[in-house]
Amino acid sequence: MTTSIKRMPVWAKVITAVVLVLVVLFAGLRLAVLPGLRDLFGTETHDRSGPTLLQSIQDMSRYDAASGNFQVVVDLEKDAKFLPDAIRGSRTLYVGAGTVDAYVDLGSLAKNDVTVNSDRTSATLRLPHAVLGKPALDPNRSYAVSKQRGLLDRLGDFFSDNPNSERSVQKLAAKHIGDAAKDSHLTARAEKNTTSMLDGLLRSLGFTDVTVTYGT
């Protein structure tokens, strides 16, 4: 006596796999919120980093004359064509805080940029205009407020730990902070502070007439 076993259709296998994945995700969420189980299944962090190596040293010849603190809220949304956001897509709300320095490059001065009279009482300095440095995000003040991801994105995060998941919003936050620094009066403040610093320094050396100009 022989019996025939019907094979499960392909579509049924796909549905079963999706249901099993949803059950696992739901069970993981339930375990995370149940009191007591969070500590039982919690993770421990161990820092096994190697020693920090000094790669290079550069001599600095610039005067950092001003620094601006900025904060921006980045709302980055990524959509997939022909798929609803619940299946594929993400939206991240990120608060980026950082600083931008404005400095004057004193190392580019030539001999004719500094003029001193014979009795060393008058000095004229011609300096380059102040410029902005690169935006530097502060990791202690920057954080993700919320993350919304579709099912496929959640599955991708579940099976792979991507350390660059926030790199896009961080780069965008740094760009916005840099643009805001360009629109501010940070370079003007840097030139004013540099002039004040040089004026006080030269007057302490005996100069009574100090003139500082900027530009070529």
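The following dialogue considers the nonpolar core and a sheet in a predicted model.

Colleague: Which residues touch the most other members of the largest nonpolar core?

Modeller: As a general idea, nonpolar side chains in soluble globular proteins tend to be buried together. In this model, the largest nonpolar core has 25 residues, and those that touch the most other members are V74, V100, L125, L127, A190, L202 and V212. Two or more residues each are given to this core by β1 (62–79), β2 (89–105), β4 (122–127), α4 (167–183), α5 (186–204) and β8 (209–214). The largest share, five residues, is that of β1.

Colleague: With which residues is A190 in contact, leaving aside its neighbours within four places in sequence?

Modeller: With that restriction, A190 contacts A65, A66, A102 and A130.

Colleague: I turn now to the sheet. In what order do the three strands of the open sheet stand?

Modeller: The order is β3-β4-β8, and the pairing is mixed. Because β3 (114–116) and β8 each have a single partner strand, they stand at the edges, and one side of each lacks a neighbour in the sheet. From one strand to the next, the twist averages 10°.

Colleague: How many bridges join β4 to β8, and do these strands run parallel or antiparallel?

Modeller: The two strands run parallel and are joined by six bridges. One residue pair to inspect is T124 with its bridge partner in β8, T211.

Colleague: Which strands does α5 touch where it packs on the sheet?

Modeller: There, α5 touches β4 and β8, and its direction makes about 155° with that of β8. The elements α5, β4 and β8 also each give two or more residues to the core discussed above.

Definitions and conventions. Residues are numbered from 1 along each chain as its sequence is written. This is a predicted model: local features need pLDDT of at least 70, side-chain atom pairs count only at pLDDT 80 or more; totals for chains, interfaces and linings use all residues. Side-chain values use heavy atoms; hydrogens and water are left out. A nonpolar core is a set of buried Ala, Val, Leu, Ile, Met, Phe, Trp, Tyr and Cys residues joined through side-chain atoms within 4.5 Å. Buried means under 20% relative accessible area, exposed over 50%, partly exposed in between (1.4 Å probe, protein chains only). Helices (H or I, at least four residues) and strands (E, at least two) are DSSP runs, numbered from the N terminus. Contact means heavy atoms within 4.5 Å. Two strands pair if DSSP finds at least two bridges between them. Axes are lines fitted to C-alpha atoms, for helices over the stretch in contact, and angles run from 0 to 180 degrees between N-to-C directions.
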